[in-house]
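Subject: Structure for your review

Dear colleague,

Please find the structure below, handed over for your examination. My notes on it follow.

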Amino acid sequence: MVQIMIPINTIAYGLTIGGILYIISIGLSLTFGTMRIVNFAHPIAYTLGAYFLITLLPFIKGKFFWGALISVLAIIPIGYFIERYVIRKLYGVAIDYAIIATYAVFLIGIDLIKWIWGTNPIPLSDPIGREIILFSVPLPLYRVTVIGISLAIYLCLWLFFKKSIVGKIVVAALEDKDAVRSLGINVNRYFSFVFVLGSCLAGLGGVLYAPITSVHPYMGFMILLLSFAVVIVGGLGNLQGTFFSAFGLGMVIAITGRYWPPASEAMVFVVMAVVLIFRPIEV
Amino acid sequence: MDKNLLSNPRNKMSDFFYQWDFLGIAFGFMVLMPLIGMQRTTDFILFCIYVLAYTLLYGYMGRLSFGHMLYLGTGAYAATLFAAYVSKNPFLALLFAICAGLAIGLILGPIVVRATGACFALINLAFNHMGYFLALVAFAKYTGGEDGRAASFAKFGFFDFNSKPLKFWVALFCLILVFFFLKKLISSPYGVLIKSIKEDENRVKFLGYNTFRYKWVTFVISTTLTAFAGALTVLNYGYMTTGFIDPGRNVEVIFAALIGGPESLYGAILGGVAYMIISNFLAIYIPRWEMFLGIALLIIVFKFKTGVVGFISDRMKNEINA
């Protein structure tokens with residue numbers, strides 16, 4: 001019994017991490033695919049989501065769902081602001097300036113968070129706290145819920161990009177921006193929408209990850225690197241690829257973490273380097 | 001760009017300045033020394049070597065590396081470990097660090113230089129993270145992990161690296177050496193070629209050049225010089241911590257290269273000094289240091305893309321044309 005108990009735990013952990021990485025990475029992948037901008041400011045939405053949640057929880061008497069919803073909605077104006085005043089000015093600018101400018105936004109955001117909430121890590125307890133028995137292995141129900149949410153988001157996005165007109169325009173713009181523009185469609189408005197959507201999902205990722213880890217101002221830095229690895233392994237702007245690479249790398253983290261915990265994140269970069277050796281990305 | 005401007009045949013004066021500019025740089029640091037102290041000036045000079053090495057890659061070849069701390073750390077760790085396990089001779093340690101920088105450039109080069117743009121930045125960052133992990137956790141037994149370890153060097157002739165004036169003069173000499181080397185390099189046909197790679201790599205390929213080899217060589221030169229700067233920094237401080245390889249500190253050198261103007265060697269030195277002044281003195285008075293850095297970066301990116309030197313030389317160009 002013991003022999004199979006540990007692998008199922010590891011797999012569940014890997015899927016949880018993978019699901020959260022997927023939710024966070026969509027925005028990064030979409031921003032790159034549509035605007036050709038590598039958005040270093042992306043984890044700001046993630047960190048803010050987690051901080052909004054811990055600020056809200058005392059007011060709404062610990063109702064996690066409503067806290068999560070309000071936190072994610074509160075990301076909308078912030079995402080719009082960043083898009084309107086920074087990202088939009090970077091169209092057509094050399095890519096290194098885009099990296100530097102978004103990194104600058106990241107620095108400003110982190111410092112604002114440190115200013116408002118302080119630098120001490122804030123722990124958060126598991127909002128569900130129950131466990132379910134799966135193949136006679138107890139698993140925290142919360143983690144299973146996270147996996148479920150990420151799969152639901154994947155399905156929703158799939159439907160959105162396949163069926164809705166907005167989604168179709170975005171997919172077309174991923175392929176060829178100029179062709180879409182020549183149809184008389186104001187692509188920038190859709191890009192703006194995509195950016196805000198990506199930011200909200202990153203905020204949701206932060207909200208969901210907060211109870212698993214602790215909330216601190218630099219929590220975004222590592223996630224930024226990990227989700228970059230996800231996006232590069234999956235292919236920039238490739239939504240299916242992002243999904244599979246997120247879960248794949250989540251498993252890499254979980255399995256490495258089981259044998260040698262400090263190496264779990266470094267291992268992700270080994271995978272990324274190997275992928276880049278065999279398939280360099282022209283940016 | 002600076003050469004064309006300054007060696008304008010109508011202007012003998014600036015030609016003279018171009019030839020003897022290294023004396024001006026040396027003089028500048030000698031003036032700075034009594035103002036801010038010898039230890040700090042040495043620190044400034046070593047950072048400038050680092051920025052110069054970075055500028056070759058970023059300013060001249062147009063490849064923004066977001067993981068250059070790895071190469072600085074390689075030099076620093078190589079010098080420290082050499083001193084700890086092989087020999088306390090400071091010059092052999094420096095040589096070993098240079099070889100380590102060369103080796104890491106040669107090994108990582110073929111993987112790294114095939115990428116461009118954001119991918120280049122990120123793959124460097126990823127390697128930086130792996131190096132950080134190796135130094136912090138995997139080889140903590142040798143590197144001292146988070147605590148770092150002291151590096152002591154023996155006397156060699158009259159080179160005693162415990163005396164501050166000697167460290168200052170050695171650092172200044174090294175800076176001039178690196179500056180001179182890079183100045184010759186970028187005004188050579190090779191330099192023109194790497195600048196062309198920045199402008200349009202496909203056209204350079206079309207002319208029949210193997211751009212991969214040129215990019216690799218440039219990358220190796222940059223990592224070697226960066227490792228050299230790292231080793232000198234260890235000689236200066238006498239200890240080494242994971243701060244030398246921390247991926248979170250990569251933005252420093254980018255910021256320094258940007259304020260001065262990335263497309264100029266003068267800009268690199270000016271930017272290095274400016275960054276060190278800001279981080280050493282202004283940071284005490286600025287409580288929100290990261291926010292200041294972020295806002296300054298945004299202003300540079302949106303308003304002064306060419307940095308201080310670019311701004312001045314544009315002005316001068318306008319005056320000559322007028």
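Why does the distance between the end C-alpha atoms of helix H14 (residues 265-285) of chain B agree with the expected span? The helix has 21 residues and, at 1.5 Å a residue, should span 30 Å, and its end C-alpha atoms are indeed 30 Å apart. The expected span is taken as 1.5 Å times one less than the number of residues. Helices here are DSSP runs (H or I, at least four residues), numbered from the N terminus.

Please note that this is a predicted model, in which local features need pLDDT of at least 70 and side-chain atom pairs count only at pLDDT 80 or more, while totals for chains, interfaces and linings use all residues. Residues are numbered from 1 along each chain as its sequence is written, and chains are lettered from A and ligands numbered from 1 in the order in which they are written.

H14(B) bends by about 35° at Ser279(B), the bend being the angle between axes fitted to the seven residues ending there and the seven starting there. Among the buried residues of H14(B) are Leu265(B), Ala268(B), Ile269(B), Val273(B) and Met276(B) (buried: 20 or more other C-beta atoms within 10 Å of the residue's own; exposed: 12 or fewer; partly exposed: in between).

These five residues also appear in the packing of H14(B) against helix H4 (residues 38-60) of chain B, where partners from H4(B) include Phe44(B), Phe47(B) and Leu52(B). The two axes, lines fitted to C-alpha atoms over the stretch in contact, come within 8 Å and cross at roughly 135°. H4(B) is therefore oblique to H14(B), as the angle is neither under 35 degrees, nor over 145, nor from 65 to 115. The crossing is right-handed, meaning that the near helix is turned clockwise from the far one by less than a right angle.

In chain A, helix H2 (residues 42-56) and helix H3 (residues 64-85) pack at about 135°, with axes 9 Å apart. H2(A) is thus oblique to H3(A). Their crossing is right-handed. The contact includes Leu48(A) and Phe52(A) of H2(A), and Ile75(A) and Gly79(A) of H3(A).

Between the chains, 33 residues of chain B are in contact with 35 residues of chain A (contact: C-beta atoms, placed from the backbone, within 7 Å). Helix H7 (117-138) of chain B gives the largest share of the side of chain B that touches chain A, with 13 residues.

Finally, Ile11(A) lies in helix H1 (residues 2-35) of chain A. Ile11(A) counts as partly exposed because it has 16 C-beta neighbours inside 10 Å.

Yours faithfully

Note on methods
Helix = DSSP H or I, 4+ residues; strand = E, 2+ residues; numbered from the N terminus. Axes fitted to C-alpha atoms, helices over the stretch in contact; angles between N-to-C directions. Contact = placed C-beta atoms within 7 Å.
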